[in-house]
Amino acid sequence: MQLRQSNLCKLADRCFDVLVVGGGINGASAAAALSGKGVSVALIDRGDFAGSTSMHSSNLVWGGIKYMESGDFALVRKLCRSRNHLIKSYPSTVQEIRFLTTINRGFRHHPLVPWAGAWLYWLMGNAFTRRPLFLGPTAIKARESIIEVASALGGFEYSDAYLHDNDARFVFNFVRGAMDFGAVAANYVECLASRRDGDTWVSQVQDRMSGETLEIRSRVLINAAGPWVDHLNSQSGQSTEHQHVFSKGIHLVVPRLTRERRVLAFFADDGRPFFVIPMGPRTCIGTTDTRVERPEVEATDEDIRFVLDNINKRLDLATPLGKGDIISTRCGVRPLAVKSRGGEGRDFLNLSRKHAIDLDAERQHLSIFGGKLTDCLNVGEEVVEAVRGLGVEVPYPRQRWYGEPDASVREAFLHQARLMNLDAMTAENASEPLSQRLWRRYGVQAIEMLEAIREDERQAEVLIEGTEYLRVELEQARRREMVTRLEDFLRRRSKISLVVSEASIRESPGLREACQILFGELAQQRLAEYLGEAPTESREAKVESGS
C-alpha cells in the first residue's frame with residue numbers, strides 16, 4: 001500500500017505533460033510508451049488496472065483470421081505483424097500455439113476453403129509461424145482424441161499465439177513498466193470531472209478507498225477508459241468522430257480437458273468461432289458474441305447453456321460438461337469502435353476490434369476507441385506521435401519502451417538459478433520449472449527474488465494450496481504491484497481465482513498469511529472484504545473499472 005499512497009501524494013504536486021484515464025491495455029500501453037520516451041505521465045483507473053475488458057479476453061494474441069472472411073485484409077496484415085512483433089519482444093510470455101480447427105457438415109464452406117484461407121493468412125503474416133496443414137477426420141482424431149469427428153468433413157491446423165500468463169498480468173506489466181520510467185500511477189482513483197483552465201486540463205478525481213478528492217493538472221488529457229470512453233467524454237463536454245457499441249462475451253473455466261498444448265477451434269451453432277483454450281491446469285472454453293447496450297454485464301443462464309451445449313456437441317467426453325464443472329466464469333464486453341454517424345448500421349458480427357484515436361488539437365485531448373491486446377504496441381506508438389503533434393516534447397523518441405530484458409540479463413538470472421539449484425525447489429504439481437516461471441513473470445526483478453530465496457528458502461514455498469505462487473511473489477506484489485484489494489492479487493496480478501475454486505480459496509490456510517504479507521495491519525479488513533463478496537461468477541461479471 002505504500003507505493004499507492006506515495007503516488008497519490010505525487011498526483012497533485014505538479015502539472016504533468018499527460019494524464020491518462022483508464023488502466024486497461026490501451027491506457028497502460030500509452031502510459032508506458034509516453035513515459036519510456038521521457039514524457040511526464042499520470043495514470044489513474046477508477047478500479048484496478050486491467051479491471052474490465054482487459055481481464056476478460058481469450059488470452060490469445062492473434063492476427064484476426066476471422067476477418068479474412070469479411071475481406072479486411074489490411075487489418076489482418078497489420079495484426080499479423082503485431083502478433084509477430086509481440087512474439088519476438090516477449091518470447092517467454094507471448095508464444096506460438098497451434099490451432100486445430102474442425103469443420104463439420106453444414107458449415108457454410110467446404111474445409112478446403114478455410115484451409116486455403118489459412119495459407120493466405122500464413123503468407124500475410126510473413127510466414128513467421130509454422131505452416132498450415134489440412135487434416136481429414138481420422139488425422140484430427142489422432143491428434144486430439146477428445147474431438148467428436150462423426151460429423152466432421154475435415155479441418156486444418158495453423159498457428160497464432162497466446163499469453164502464457166493471464167491477460168491482466170500482461171497489462172499490469174505495462175503499468176509497472178510505466179512506473180519504472182517515472183510515471184505516477186494509482187488504481188481506485190476515479191475521474192469525476194475535467195475542465196480546461198487556459199492551456200491546462202484540471203481533472204477532479206476521487207480516491208475510492210478513502211473518499212478524498214484532489215486535482216490533477218496536465219497539458220494533455222487522454223481518455224483510455226475502455227467501455228466508458230463515451231461516458232467520460234460526455235462528462236468533459238468532448239465531442240468525437242467515433243463512439244462505442246458493445247459485444248458481450250463469456251468464457252467458462254473448467255477442469256483440464258486435454259493435456260495437449262493446442263487450441264481447439266470450432267464453429268458454434270450460429271457460425272461464430274468457438275475455442276477450447278489451455279490454461280495451465282485448466283481449460284477455458286467460449287466465447288459468446290451478444291450485442292448489449294451497456295458495458296455493465298453478467299453471465300446469464302442462457303449464456304452458460306450456449307457454451308456448454310456447443311462444447312458438448314463438439315467434444316467426445318466420457319461425461320458431458322455441466323454447471324458443476326465450472327470453476328470460474330469470465331464475462332465482459334468488447335468495446336467496438338464505430339463512426340458516430342452511420343456506423344451502427346453495419347453488420348454487428350462483422351465489426352472488428354480495430355482501434356481508433358480521435359484527436360482534438362484545440363483542446364489537447366485524445367480518445368482511444370476499440371483495440372485489443374494484439375495491437376497494444378501500435379497504440380502506444382501512435383499515442384506518442386499524437387502527443388508530440390500537440391506540442392509536447394518527447395525527449396527520447398527512439399527509446400524502446402517494451403519487451404523483455406535482453407538475453408545477457410536472462411542468462412545471468414538463469415546462471416544464478418542453476419548455481420542455487422532453484423528448479424529443485426519447484427513444487428511437485430507445478431506446470432513448469434521455477435526458474436522459467438519467475439523469469440517470465442518478473443524479468444530483471446526475478447534476480448532480487450533469488451537473493452530473497454537464498455536468504456530464506458521458505459520464500460520458495462507455495463503459500464496458497466492448489467496454486468504455484470510463492471511467498472517471495474507475495475512480497476514482490478506488496479512492494480511493487482499496488483495490490484489494493486485481495487481481488488487485485490487473486491484475479492489480476494495472478495490467475496488464482498480463475499483456476500482454483502472459490503471454496504478452495506476460502507478454505508486455504510495460506511490465504512490469511514497472504515493477506516498479512518500484502519496488507520499488514522489492514523490484513524483482516526481486506527480478508528473480510530473479500531470473503532464477504534459474491535461467488536466467483538458474480539465477481540467476474542462485476543464492473544470495477546474504466547479499463
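This is a short talk on salt bridges, two buried residues and one helix pair in a single structure.

Okay, hi everyone. One thing before I start: what you have in front of you is a predicted model.

Let's begin with charged side chains. How many salt bridges does the structure hold? The count is 47. I'll walk through three of them.

The first pair is Arg-492 and Asp-48, whose side chains meet with N to O at 2.7 Å. Now find those two in the sequence. Arg-492 is in helix H14, which covers residues 486-493, while Asp-48 sits in the loop between strand S2 (41-44) and strand S3 (60-61). They are 444 residues apart, so this salt bridge links distant parts of the chain. Buried or exposed, these two? Both Arg-492 and Asp-48 are buried.

The second pair is Arg-441 with Asp-165, and here the closest N and O atoms are 3.8 Å apart. A salt bridge needs that gap to be within 4 Å, so the pair still counts. Why do I say that this pair ties parts of the chain together? Because Arg-441 lies in helix H11 (residues 434-442) and Asp-165 in the loop between strand S6 (152-163) and helix H6 (167-180), parts that are 276 residues apart in sequence. Again, both partners, Arg-441 and Asp-165, are buried.

The third pair is Glu-475 and Arg-478, with 3.1 Å between the closest N and O atoms. These two sit in one helix, H13 (residues 471-480), and because they are 3 residues apart there, about one helical turn separates them. How accessible are they? Glu-475 has 28% relative accessibility, so we call it partly exposed, since buried would need under 20%. Arg-478 is partly exposed too, with a relative accessible area of 34%.

Some salt bridges also share partners, and that joins residues into a network. One such network is made of Asp-165, Glu-432, Arg-437, Arg-440, Arg-441, Glu-468 and Glu-473. You'll recognise Arg-441 and Asp-165 from our second pair.

Right, on to two single residues. Thr-467 is in the loop between helix H12 (445-455) and H13. Its relative accessibility is 6%, so Thr-467 counts as buried. What does its side chain have beside it? A polar atom of the Thr-467 side chain lies 3.3 Å from the backbone nitrogen of Tyr-469. If we skip neighbours within four places in sequence, Thr-467 is in contact with Val-462, Ile-496 and Val-500.

Then there's Val-202, in strand S9 (residues 200-207). At 2% relative accessibility, Val-202 is buried as well. With neighbours within four places set aside again, its contacts include Ala-193, Ser-194, Glu-215 and Ile-216. Try this one on your screen: Val-202 and Gly-177 are 25 residues apart along the chain, and their C-alpha atoms are separated by 26 Å.

Last topic: helices. Two packed helices are described by the angle between their axes and the distance between the axes. For helix H2 (residues 25-36) and H6, the angle is about 30 degrees and the axes are 8 Å apart. That makes H2 roughly parallel to H6, because the angle is under 35 degrees. Which residues make the contact? From H2 we have Ile-25, Ala-28, Ser-29, Ala-31, Ala-32 and Ser-35, and from H6 Val-171, Phe-174, Val-175 and Ala-178. And the crossing of H2 and H6 is left-handed.

That's me done, thanks!

Terms used: Residues numbered from 1 in each chain as written. Predicted model: local features only at pLDDT ≥ 70, side-chain atom pairs only at ≥ 80, totals over all residues. Heavy atoms only, no water. Helix = DSSP H or I, 4+ residues; strand = E, 2+ residues; numbered from the N terminus. Buried < 20%, exposed > 50% of the residue type's maximum accessible area, 1.4 Å probe, protein only. Polar contact = N/O pair within 3.5 Å; in protein donor to acceptor, adjacent residues only side chain to side chain. Contact = heavy atoms within 4.5 Å. Axes fitted to C-alpha atoms, helices over the stretch in contact; angles between N-to-C directions. Parallel < 35°, antiparallel > 145°, perpendicular 65-115°, else oblique. Left-handed = near helix turned anticlockwise from the far one by under 90°.
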